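Welcome, and thanks for taking a look. Below is a short briefing on pockets, a bound ligand and a couple of backbone details.

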Amino acid sequence: MGVLLDLGLASDLVSTEELATERQAADVAYEQLPTMEMTGWLTPDEGILSRIKTLAKNIKTNSQILVSIGIGGSYLGAKAVIEALGGDGVEVVFAGNSLSSKELQKALDAVAGKDFAVCVISKSGGTLEPALAFRIFRKALVEKYGADEANRRIVAITDANKGSLHDLAVQKGWEMLSVPDDVGGRFSVLTVAQLLTIATKGVDVEQLLAGAKQAATDEQCLENAKKYAALRHLLYKKSKKIEILSSFEPSLQYFAEWWKQLFGESEGKNQQGIFPASVSFTTDLHSLGQFIQDGERDLFETVLRVEKSAMEIAIPLDDENGDGLNYLAGKNLSLVNEMALIGTKQAHADGGVPVIEITVPEITAFHLGQLIFFFELSCALSAMLFGVNPFDQPGVEAYKNNMFALLGKPEK
Ligand code: PA5
């Protein structure tokens, strides 16, 4: 079973004819997609797995911690998968995803007194946040192990031919993995860019790729991706300009961060696009629930539902019943969570928020792989319905230009 889509509580606002027309447009986009550049992610490549597994095994042999340095698409996918699935492999510490001194110090403190290796991921090879963190961690490696052993503890994941990181890696003889030319950062979670970090943490990367591969050839998944893209575009046209991804599994919080980057950076162009936001329920029902229920009506919600809980905790009977909760005794906590989900969906729909539901059977590597592919495909189609290129991000240069001018970066 794969990713299921339920449009039931979102369809009031749109007519069957409107949805059919938009759905046809999604069909056209789907036909056009493989002719575009940067669509290597459409065919997940299992050929990379043996090298990934060998490198992960080497890291496991000599290190207690892997420092994974990267930002944006070179970070969020691995973080999302690891937060969702855990793993019994090497501890992973992420760094280089901000310019905060406090965060970097935390990462440095985490490796103090431990054996560690560094995996630096930057497709361009020149992004400031990871480049600075990498410089600092390289120094820490050299101080601890000496230059030669430090060089043996670094894996650089970058462009196959160019960039400062590529050139440094060649010069120093670091292990190097090449991010495929035809896959951009935010679509690279199922490539070498993120898989080494994920595999080192002990996640079953074969299953992750198997799920993505299954989704890529599954008619139902393709149909659902088209429908989801079509409906969100229609809702946008009806002034629903914010999409909230909600989940009742807090371990999917970083999955939502990955999703936000995927859709935000792919679609938000030419002064249009749906603003992707996220909430973690039931926690955020006690903070943002009020707004979603009753605030400005410019949003729609996509509930990410997990059918089967990872574990069951039964609610005990209490003889005194001082808290009045005995009516729940003997029931599983997951049932209460599911009832909260159903109740919340209906309440939000009644409050004028169109609700889409996306269901995965459970949080496993296989199903996460399916979900990643499903969102990548629907995101690409959705951006194409907006008439923008899903695979570029010209807008992110603006802040960099200002920052570099302020820092006095020399012209090349
Ligand atoms: O999706 C993207 O392309 C971006 O978010 C990049 O992943 C991010 O800016 C990091 O870039 P790089 O891997 O070149 O350091």
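Which helix gives the largest share of the lining of the largest pocket, and how many residues does that share hold? Helix 5 does, with 8 residues. Please keep in mind that this is a predicted model. The ligand is found in this largest pocket, and a second largest pocket offers about 430 Å³ of space.

**The largest pocket**

- Its volume comes to about 1,300 Å³.
- The lining is made up of 39 residues, and those nearest the centre of the pocket are Ser-122, Ser-124, Gly-126, Thr-127 and Leu-128.
- Several elements each bring at least two residues to this lining: strand 4 (116-121), helix 5 (128-145), helix 7 (164-172), helix 11 (253-267) and helix 15 (397-407).
- Sorted by type, the lining residues are 16 nonpolar, 13 polar and 10 charged.

**The ligand and its shell**

- The ligand has 13 residues around it, and Ser-74, Ser-122, Ser-124, Thr-127 and Gln-261 are the closest.
- Two names appear in both settings: Ser-122 and Ser-124 are among the closest residues to the ligand and also among those nearest the centre of the largest pocket.
- What types of residue make up the shell? The count is 9 polar, 3 charged and 1 nonpolar.
- From its side chain, Gln-261 places a polar atom 2.6 Å from an oxygen atom of the ligand.
- The backbone takes part as well: a backbone N or O atom of Gly-73 is 2.9 Å from a ligand oxygen atom, and a polar backbone atom of Arg-186 lies 2.9 Å from an oxygen atom of the ligand.
- On its own the ligand has 380 Å² of accessible area, and the protein covers 87% of that.

**The second largest pocket**

- This pocket holds about 430 Å³ of space.
- Its lining counts 24 residues, with Phe-94, Ala-95, Asn-97, Glu-103 and Ala-107 closest to the centre.
- Which elements each supply at least two residues here? They are helix 3 (76-85), strand 3 (91-95), helix 4 (101-111) and helix 5.
- Helix 5 therefore deserves a second look, as its name is listed for the lining of the largest pocket and for that of the second largest pocket.
- By type, the lining residues split into 12 nonpolar, 5 polar and 7 charged.

**Backbone details worth a look**

- Phe-281 and Thr-282 are joined by a cis peptide bond, with omega at about 5°.
- Thr-282 belongs to the loop that runs between strand 8 (275-280) and helix 12 (289-294).
- Where does Gln-271 sit? Its place is the loop between helix 11 and strand 8.
- Gln-271 is a residue other than glycine, yet its phi is positive, near 60°.

How values were computed
Residues are numbered from 1 along each chain as its sequence is written. This is a predicted model: local features need pLDDT of at least 70, side-chain atom pairs count only at pLDDT 80 or more; totals for chains, interfaces and linings use all residues. Side-chain values use heavy atoms; hydrogens and water are left out. A residue is near a molecule or strand if one of its heavy atoms lies within 4 Å of it. A polar contact is a pair of N or O atoms within 3.5 Å; within protein, one must be able to donate a hydrogen and the other to accept it, and residues adjacent in sequence count only if both atoms are side-chain atoms. Accessible areas come from the Shrake-Rupley method with a 1.4 Å probe; for residues, only the protein chains shown count as cover. On a 1 Å grid over the protein atoms alone, a cavity is a set of points where a 1.4 Å probe fits but cannot get out, and a pocket is an open set with protein on both sides within 12 Å along at least five of seven lines; lining residues have an atom within 4 Å of a point. A molecule sits in a cavity or pocket if more than half of its atoms lie within 2 Å of its grid points. Ala, Val, Leu, Ile, Met, Phe, Trp, Tyr, Cys and Pro count as nonpolar, Asp, Glu, Lys and Arg as charged, and the others, Gly among them, as polar. Grid points are joined across faces, edges and corners, and a volume is the space filled by probe spheres set on the points. Helices (H or I, at least four residues) and strands (E, at least two) are DSSP runs, numbered from the N terminus.
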